Amino acid sequence: MSRLTAGAGALVAAALTLLVSGCGIRTTSVPVDAGAAPTRVPCSLTGESSSAAAQGVPLRVHLVCGAQLEVVERGAPLPEERAGRSPLRTAAELLELLVAGPSEEERAAGFTTAVRGPMTVKGARAGDPAGTLRLNRQPEDLAPTALSQIVCTFAESAAGAGEHTVLLGGPGAYAPKRYRCTPELRERPESAPPLGTVPTATVPGPSDSAAPASEAPPAQ
C-alpha cells in the first residue's frame with residue numbers, strides 16, 4: 001500500500017510540474033525577495049512655502065511627527081495685518097492652527113496634534129507680568145505633549161516673552177509661569193516643559209478680552 005501511495009504522489013507532482021510549465025511559469029527552488037513595498041518618508045513634505053515667505057514671515061506651528069516636535073509653516077500675514085498685529089492676536093491665531101492640526105498632506109506624512117479644543121487665550125490680568133497669556137485651561141492640566149506644542153509655538157513667535165520662553169497662566173487665581181522651549185523638549189515633547197524665573201513687573205490693569213481659538217481671524 002505504501003508503494004501505491006508513493007507512486008500516486010509522484011504522478012501528482014509530475015502533473016503539477018507540467019501544469020506550471022504549460023502556463024509559462026518557471027519553477028525555482030530559490031525564494032524570491034521582491035523587497036519591501038515603497039513607502040513615503042515620514043515627516044517629509046513636498047509643498048513649497050516660497051509664496052508665503054515672499055509676503056512676510058509666515059506663522060510657524062509645532063506639530064508632532066516621529067514622536068518629536070516639527071515646525072510647519074502657514075500663510076504669512078499680509079502687510080496691513082502685520083502692522084496691527086498684537087501678541088495676543090498672534091497667540092490666538094497660532095492656537096487655532098494647533099487645534100486645527102495638520103493638513104491632509106501633513107497627516108499623510110505622519111504629522112499629528114495633541115492640542116484639543118475648545119481652547120481660548122486671554123491677555124494679562126492686573127498683577128500679571130507684562131506679556132502674560134492666559135489659557136482657558138490650566139497649563140499643567142494639559143497633556144504634556146499638548147503643552148509642549150503650545151509652549152514652543154508661542155515661544156518662537158511674536159507671542160513669546162523672549163529667549164525662547166512664554167509666560168502662561170490659566171483661568172484660576174494662580175500666578176503665571178515662564179515656560180521654555182528647548183531642543184530637548186522638541187525631541188521629547190512628552191516631558192514637562194522646563195520652567196524659568198517669572199519677572200516681577202506688573203501691568204496696570206486687566207486686559208482680559210477673550211480671544212478664542214475657534215473665533216480668531218484665519219491666518220492668511
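Me: In this predicted model, how should I read strand β5: are its two faces covered or exposed?

Reply: One considers the two sides of a strand separately. In β5, T165, L167 and G169 lie on one side and are buried. V166 and L168, on the other side, are buried as well, and both faces are thus covered. Strand β5 comprises residues 165-169, and five of its five residues are buried.

Me: Which strands pair with β5, and in what sense?

Reply: The sense of a pairing is parallel or antiparallel, and each partner is read in turn. Strand β4, residues 133-135, pairs with β5 in the parallel sense over two bridges. Within that pairing, R134 has G169 of β5 as its bridge partner. The strands β5 and β6 run antiparallel and are joined by four bridges. There, T165 stands opposite R180 in β6.

Me: What unit do β4, α6 and β5 make?

Reply: Here one follows the path from a strand over a helix to another strand. β4, α6 and β5 make a β-α-β unit, and this unit is right-handed.

Me: How many disulfides does the structure hold, and how are the bonded cysteines paired in sequence order?

Reply: One lists the bonded cysteines along the chain and notes which are joined. The structure holds two disulfides. With the bonded cysteines of the protein chain numbered in sequence order, the pairing reads 1-2, 3-4.

Me: Which parts of the chain does the disulfide of C43 and C65 link?

Reply: One locates each cysteine among the helices, strands and loops. C43 and C65 are joined with an S to S distance of 2.1 Å. C43 sits in the loop between α1 (2-22) and α2 (50-55), whereas C65 belongs to strand β1, residues 60-65. The two cysteines are 22 residues apart, and the pair links distant parts of the chain. The angle about the S-S bond is -105°, and the link of C43 and C65 is left-handed.

Me: Are C43 and C65 buried or exposed?

Reply: A residue counts as buried under 20% relative accessible area. C65, at 2%, is therefore buried. C43 counts as partly exposed because its relative accessibility is 26%.

Me: Where do the cysteines of the other disulfide, C152 and C181, lie?

Reply: The approach is again to place each partner. The sulfur atoms of C152 and C181 are joined at an S to S distance of 2.1 Å. C152 lies in helix α6, residues 144-155, and C181 in the loop between β6 (177-180) and α7 (183-187), so the disulfide ties together parts that are 29 residues apart in sequence. The link of C152 and C181 is right-handed, with 95° about the S-S bond. Both partners are buried: C152 has a relative accessible area of 0%, and C181 has 4%.

Me: How many salt bridges does the structure hold, and why can side chains pair in this way?

Reply: Side chains of opposite charge can pair when their charged atoms come close. The structure holds seven salt bridges. One of them joins E73 to R60, with the closest N and O atoms 3.3 Å apart. E73 is in strand β2, residues 68-73, and R60 is in strand β1, so this salt bridge ties together parts that are 13 residues apart in sequence. Both are partly exposed, E73 with a relative accessible area of 33% and R60 with 38%.

Me: What separates E93 and R89 within helix α4?

Reply: Within a helix, one relates the separation in sequence to helical turns. E93 and R89 are four residues apart in α4 (residues 87-100), so about one helical turn separates them. These two residues form a salt bridge whose closest N and O atoms are 3.3 Å apart. E93 is buried at 2% relative accessible area, whereas R89 is partly exposed at 26%.

Me: What salt bridge does R188 form?

Reply: R188 pairs with E190, the closest N and O atoms being 3.3 Å apart. R188 counts as exposed at 53% relative accessibility, and E190 as partly exposed at 42%.

Me: How does the span of α4 agree with what its residues should give?

Reply: One compares the expected span with the distance between the end C-alpha atoms. At 1.5 Å a residue, the 14 residues of α4 should span 20 Å, and the end C-alpha atoms are 20 Å apart, so the two agree. The buried residues of α4 include L88, L94, L95, L97 and L98. After α4 comes G101, with a positive phi near 80°.

How values were computed: Residues numbered from 1 in each chain as written. Predicted model: local features only at pLDDT ≥ 70, side-chain atom pairs only at ≥ 80, totals over all residues. Heavy atoms only, no water. Disulfide = S-S within 2.5 Å. Buried < 20%, exposed > 50% of the residue type's maximum accessible area, 1.4 Å probe, protein only. Pairing = 2+ DSSP bridges. Right-handed = clockwise from strand over helix to strand, strands pointing away. Salt bridge = Lys/Arg side-chain N within 4 Å of Asp/Glu carboxyl O. Expected span 1.5 Å × (residues − 1).
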